[in-house]
Amino acid sequence: MKIHHIGYLVKNIEAAIDEFIALGYQLTDEVCWDERRDIDLCFMRSGSYLIELVMPKSERSVVWNLLKKNGIGPYHICYETGSLPEALNELKLRGYVVISDPLEAVGISGRTVCFLTGRNAGMIELVEV
Ligand code: NI
């Protein structure tokens with residue numbers, strides 16, 4: 001599967017944007033707020049690489065504890081799939097566990113995404129393209 005983006009947990013999204021600009025990335029759009037997950041997020045591009053900066057805003061955010069536990073850094077890789085239901089079935093057969101039901105992504109033009117974890121691959125995200 002082709003990599004769509006790498007998700008990066010940050011504590012201060014404005015400071016992180018400045019850092020990644022210094023590393024050669026450009027913002028693809030403004031920072032937006034995902035109300036359901038209570039995160040601020042944005043995408044940044046460098047050549048063909050796309051990263052997603054994710055900042056939890058409160059304890060009710062799904063990644064609040066992850067940031068507390070692991071600190072800032074990459075935490076998921078998002079893969080493109082032509083069919084989310086088919087990819088989910090394949091990965092479930094390989095032992096992956098779905099950790100969030102498919103939902104419309106904020107910040108990727110409303111595409112459907114789904115998060116899973118695998119025993120040997122950590123957290124991955126699928127995006128239907
Ligand atoms: Ni993502």
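**Close-up views of a predicted nickel-binding model**

**View 1. D38, a buried loop residue.** D38 has a relative accessibility of 7%, so it counts as buried, the cut-off being under 20%. The model shown here and in every view below is predicted. D38 sits in the loop that joins β3 (32-34) to β4. Its phi is near 50°. That is a positive value in a residue other than glycine. Most residues other than glycine have a negative phi.

**View 2. The nickel ion and its protein donors.** Four residues supply the donors: H5 and H76 through NE2, E52 and E125 through OE. These donors lie 2.0 to 2.1 Å from the nickel ion. Angles among the four donor atoms run from 86 to 175°. The site is irregular. An angle of 175° lies outside the tetrahedral range, which ends at 135 degrees, so the four donors do not count as tetrahedral. For reference, the ideal angle for four tetrahedral donors is 109.5 degrees.

**View 3. Where the nickel donors come from.** Along the chain, the donor residues follow the spacing H-x46-E-x23-H-x48-E. E52 belongs to strand β5 (residues 49-56), and E125 to strand β9 (residues 122-128), so this pair ties together parts that are 73 residues apart in sequence. Both glutamates, E52 and E125, are buried.

**View 4. The largest pocket.** The space in this pocket is about 310 Å³. Its lining has 16 residues. H4, F43, R45, L50 and I108 lie nearest the centre. Strands β1 (3-9) and β4 (39-46) each supply at least two lining residues. β4 gives the most, with three. By class, the lining holds six nonpolar, five polar and five charged residues.

**View 5. The second largest pocket.** About 210 Å³ of space lies here. The lining includes R36, R37, Y75, F115 and M123. Also among the lining residues are V62, V63, N65 and L66, along with I99, S100 and L103. Two elements, α2 (64-70) and β7 (97-104), give two or more residues each. β7 provides the largest share, three residues. The lining of this pocket divides into eight nonpolar, two polar and two charged residues.

**View 6. The largest nonpolar core.** This core contains 15 residues. L9, V54, V63 and V113 touch the most other members. Strands β4, β5 and β6 (73-81) each contribute two or more residues to the core. The most come from β4, with three. V63 also appears in the lining of the second largest pocket. β4 likewise gives the most to the lining of the largest pocket.

**View 7. A15 on helix α1.** A15 is found in α1 (residues 13-22). Buried or partly exposed: how does A15 count? Its relative accessibility is 36%, so A15 counts as partly exposed. The C-alpha atoms of A15 and V98 are 32 Å apart. Along the chain, these two residues are separated by 83 residues.

Terms used. Residues numbered from 1 in each chain as written. Predicted model: local features only at pLDDT ≥ 70, side-chain atom pairs only at ≥ 80, totals over all residues. Heavy atoms only, no water. Donors = N, O, S within 2.8 Å, 3.2 Å for Na, K, Ca; no water. Tetrahedral: all angles 85-135°; square planar, octahedral: opposite > 155°, others 65-115°. Helix = DSSP H or I, 4+ residues; strand = E, 2+ residues; numbered from the N terminus. Buried < 20%, exposed > 50% of the residue type's maximum accessible area, 1.4 Å probe, protein only. 1 Å grid on protein atoms, 1.4 Å probe; cavity = no way out; pocket = protein on both sides within 12 Å on 5 of 7 lines; lining within 4 Å. Points joined across faces, edges and corners; volume = space filled by probe spheres on them. Nonpolar A, V, L, I, M, F, W, Y, C, P; charged D, E, K, R; others polar. Core = buried A, V, L, I, M, F, W, Y, C linked by side-chain atoms within 4.5 Å.
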